[in-house]
Amino acid sequence: MELSAPQLVRARVTHARKGGAVNAFNYGVEFALIPIRREARVAGFWPLFSRNRLSVFAVLDRDHGAGVGDAGEWAQAIARAHGLDEVIDGEVWLLTQPRLFGLVFNPVSFWFMTDAAGRLRAVVAEVNNTFGERRAYCCHRPDHAPIGAADTLHVEKLMVVSPFQSQAGGYEFHFDWRADFVAVRIEFRDEEGGGLLATLAGARTPMRVRSLWAALARSPFGSLRVVALIGWQAFRLRLKGERFRPRQTQRVGEVL
């Protein structure tokens with residue numbers, strides 16, 4: 001597989017609550033994984049897939065970062081602000097759910113930043129909640145060395161994501177970045193002993209016209225399905241007696 005070409009990731013996404021009402025789920029989700037510095041490679045898949053252009057599947061800069069300008073530059077600016085400019089001299093990969101027929105809701109997207117040797121050096125995790133808010137978390141080793149699957153990267157939680165959980169607490173990120181596979185593990189620990197474990201894992205496969213058609217056949221409703229599943233899980237939690245928590249003001253951080 002040509003490592004600089006756009007790819008698809010047919011991932012399994014799992015969520016499991018820790019503390020309070022027991023609830024867990026496991027779904028298949030279609031992701032695009034596109035090289036930002038070699039964006040021209042994406043152009044050959046129009047009208048099935050594009051970046052910043054009308055198509056069946058589309059990745060738009062306005063759905064990321066501050067919603068204006070070049071989102072790839074925005075993500076790299078965050079990494080540079082953390083002193084990583086000298087080690088992110090390779091490709092920048094965006095892992096995200098693309099728009100399908102113009103509709104999208106992305107709970108989380110990831111900007112994977114590599115060095116010239118292809119080793120993972122930084123990840124900007126871009127989190128959206130159902131209130132229309134967005135925060136970014138820059139994940140890297142304190143010594144700026146390559147990130148391995150065994151590394152645990154800690155960041156403070158800056159935004160309410162679920163109305164059933166506390167904002168106070170922190171995230172632990174794990175990233176497994178390989179030429180043919182990608183996995184993310186996120187563990188949230190709150191100050192009450194509860195939290196959440198979320199994982200995403202799938203094979204990296206070359207983007208092809210036939211694979212795009214197959215992705216459309218597997219998930220014809222795209223983000224509508226994601227929103228429906230979020231609503232269904234919220235309904236289940238209410239039936240189990242979980243209460244909504246008062247919404248808190250977002251903390252200072254990577255403000256978008």
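Okay, quick bit of vocabulary before anything else: when I say a residue is buried, I mean it has under 20% relative accessible area. Keep that in your heads, and keep in mind too that what's on the screen is a predicted model.

So, strand β8, residues 120-128. Mostly covered: 9 of its 9 residues are buried.

Who are its neighbours? On one side of the story there's strand β7, residues 108-114, which pairs with β8 in the antiparallel sense over 7 bridges. If you want a spot to click on, take Phe110, whose bridge partner in β8 is Ala125. These two strands make a hairpin with 5 residues between them, and in that turn Gly118 has a positive phi of about 85°.

Then there's strand β9, residues 134-139. It pairs with β8 as well, antiparallel again, over 6 bridges. Here the pair to click on is Glu126 with its bridge partner in β9, Ala136. And β8 and β9 form a hairpin too, with 5 residues between them; the turn holds Gly132, with a positive phi of about 80°.

Right, on to the backbone oddities. As background, most residues other than glycine have a negative phi, and most peptide bonds are trans. With that in mind, which residues here have a positive phi without being glycine? Phe101 is one of them, with phi near 55°. You'll find Phe101 in the loop between β6, residues 99-100, and β7. Is Phe101 buried or exposed? Its relative accessibility is 55%, so Phe101 counts as exposed.

His144 is another one, with a positive phi of about 65°. That residue is in the loop between β9 and β10, which is 153-156. His144 comes out at 21% relative accessibility, so it counts as partly exposed.

Now the peptide bonds. Have a look at Trp46 and Pro47: the bond joining them is cis, with omega at about 10°. Pro47 has its place in the loop between β2, residues 24-35, and β3.

And since I've mentioned β3, let me finish there. That's residues 49-51, and Arg51 lies in it. Where does the side chain of Arg51 find a polar partner? At Asp61: the two side chains are joined by a polar contact of 2.5 Å. And why call Arg51 buried? Because its relative accessibility is 9%, and the cut-off for buried is under 20%.

That's my tour, folks. Over to you.

Terms used: Residues are numbered from 1 along each chain as its sequence is written. This is a predicted model: local features need pLDDT of at least 70, side-chain atom pairs count only at pLDDT 80 or more; totals for chains, interfaces and linings use all residues. Side-chain values use heavy atoms; hydrogens and water are left out. Helices (H or I, at least four residues) and strands (E, at least two) are DSSP runs, numbered from the N terminus. Buried means under 20% relative accessible area, exposed over 50%, partly exposed in between (1.4 Å probe, protein chains only). A polar contact is a pair of N or O atoms within 3.5 Å; within protein, one must be able to donate a hydrogen and the other to accept it, and residues adjacent in sequence count only if both atoms are side-chain atoms. Two strands pair if DSSP finds at least two bridges between them.
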